[in-house]
Amino acid sequence: MSTRNEHVGGLDTSRSQHYHELARTRIPGGVNSNVRLSASPICFASGKGARLIDVDGNVYLDYALGMGPNILGHAPAPVLDEVARTLSMGQLFAGQHELELKLADKLCSCVRSAQLVRFGLSGSEMVQAAIRVARAFTGRREVIKFEGHYHGWFDNILVNVSGPAAPRATLPRARHLQSAGQSPHASEDVAVLPWNDFEAIERYVSANAGKVAAILTEPVMLNTGGILPKDGYLQHLRRLATAHGVVLIFDEVITGFRVALGGAQEIFGVQPDLSVFAKALGAGFPVSALAGRRDIMELFASGRVNHSGTHNANVPSVSAALATLHELSAAGHAAYGRMNALGQVLMDGIAKTAKRLRVGLQISGLPAAFHTCFASHPIHDYTSYMRADTRHLSAFMLALLEYRVRPTSRGTWFLSTAHTEGDIETTLDAVGRALQHLNR
Ligand code: PMP
């Protein structure tokens, strides 16, 4: 990022850059999540509502929202107040407290497929619990995951998230590890398939029925292009899983409590056996959940299947989630009506601006979480997404940042209940200017 770029927005980030240089002397890369290595190294001072302020005093309209969690915006009073109120109870008991059950009841009332629920801290770890309990329940080992889907950073599942698309005919795909130091053995029981391909999954599951413990899927490909499931695809997965005794796991870490109170499963009308929730559940506080069928989840009760964690269901995280679900479910889920309407205006506005300026920008996803990319061919799966113009996307994201609008560096946009119509107007103006800048 330029320190001062008069051609674009004239953004001065000299203090951020100074901080970054210092941080790199103590923190590898100056960041605490590798996902942040690819973003502009901005050091933030504070956030309020839809806005973030950096240490140079620049104010950004934020659509990264902590990579999705901050569905109520930054520093939302109802959540902070509830956390502050309950902090005097203590923070962690190595035992139970009454708020846990209150949150479990609330979550199960929001999500139809949730009969029992366990809480954790991050999405990655709850995916692990889901895989483990599915294997124990079925007595089988193999887990199907899809190209371009991300399910956390652990060795056994961090495969084929990005990288070269495999030749179409290979089923399952050759496994592609995503990190140096990753054990190739850890993912031996993972079969990677193409998503949105009705025939591929049917063929594979039918031929390997007795082996497959679980089908693990993001219901919308929000880690790759915001690609939506084709009509009937999630239903197809449901039918196949039921027919072959396979556990269907929806990874709703991004979509849960974001696209609807009942998650993507509510929107697409499909009930998985297990679901993983995280991000929006705690509006920015660390809390995640594995929820689903009683007969599967009961395996944790027997002690036969291990799910543990020192900080699980700590008081501040549980309080934050309770306050968040309270806000999101108030007045007949009114928050979603407003947020989705604004998100739709933003999606339509970006598409219209791109068309007017004759830019090959594509936009895909749902109003509360969508993706922008550049391509002249239609994007409907991983293979087509891999041919999108990532350099153009990075330049667009950087130009937007110069105009104080901040989607994620990968081109994903998240809405919050704190965004206003005025914010959307300001954003669309910035989009127009950023695209014009790229066109020069
Ligand atoms: N699953 C999905 C779909 C995700 O998008 C993410 C994080 N972006 C994870 C799992 C991992 O969650 P966490 O970063 O909380 O470990």
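Helix axes here are lines fitted to C-alpha atoms over the stretch in contact, with angles running from 0 to 180 degrees between N-to-C directions, and helices are DSSP runs (H or I, at least four residues) numbered from the N terminus. The model is predicted, so that local features need pLDDT of at least 70 and side-chain atom pairs count only at pLDDT 80 or more, while totals for chains, interfaces and linings use all residues. Residues are numbered from 1 along each chain as its sequence is written, and side-chain values use heavy atoms, with hydrogens and water left out.

Helix H12 (residues 421–439) takes part in two helix pairs, listed below.

| Pair | Axes come within | Crossing angle |
|---|---|---|
| H9 (residues 315–356) and H12 | 10 Å | roughly 20° |
| H11 (residues 390–402) and H12 | 9 Å | roughly 130° |

The angle makes H9 roughly parallel to H12 (under 35 degrees), whereas H11 is oblique to H12 (outside the ranges under 35, over 145 and 65 to 115 degrees).

In the contact between H9 and H12 (heavy atoms within 4.5 Å), the H9 residues include Leu342, Val345 and Gly349, and those of H12 include Glu421, Ile424 and Val431. By class, this contact of H9 with H12 has 9 nonpolar, 4 polar and 1 charged residues, where Ala, Val, Leu, Ile, Met, Phe, Trp, Tyr, Cys and Pro count as nonpolar, Asp, Glu, Lys and Arg as charged, and the others, Gly among them, as polar.

On the H11 side, His392, Ala395, Phe396, Ala399 and Leu400 meet Ala430, Val431, Ala434, Leu435, His437 and Leu438 in H12. The residues of this contact divide into 9 nonpolar, 2 polar and no charged.
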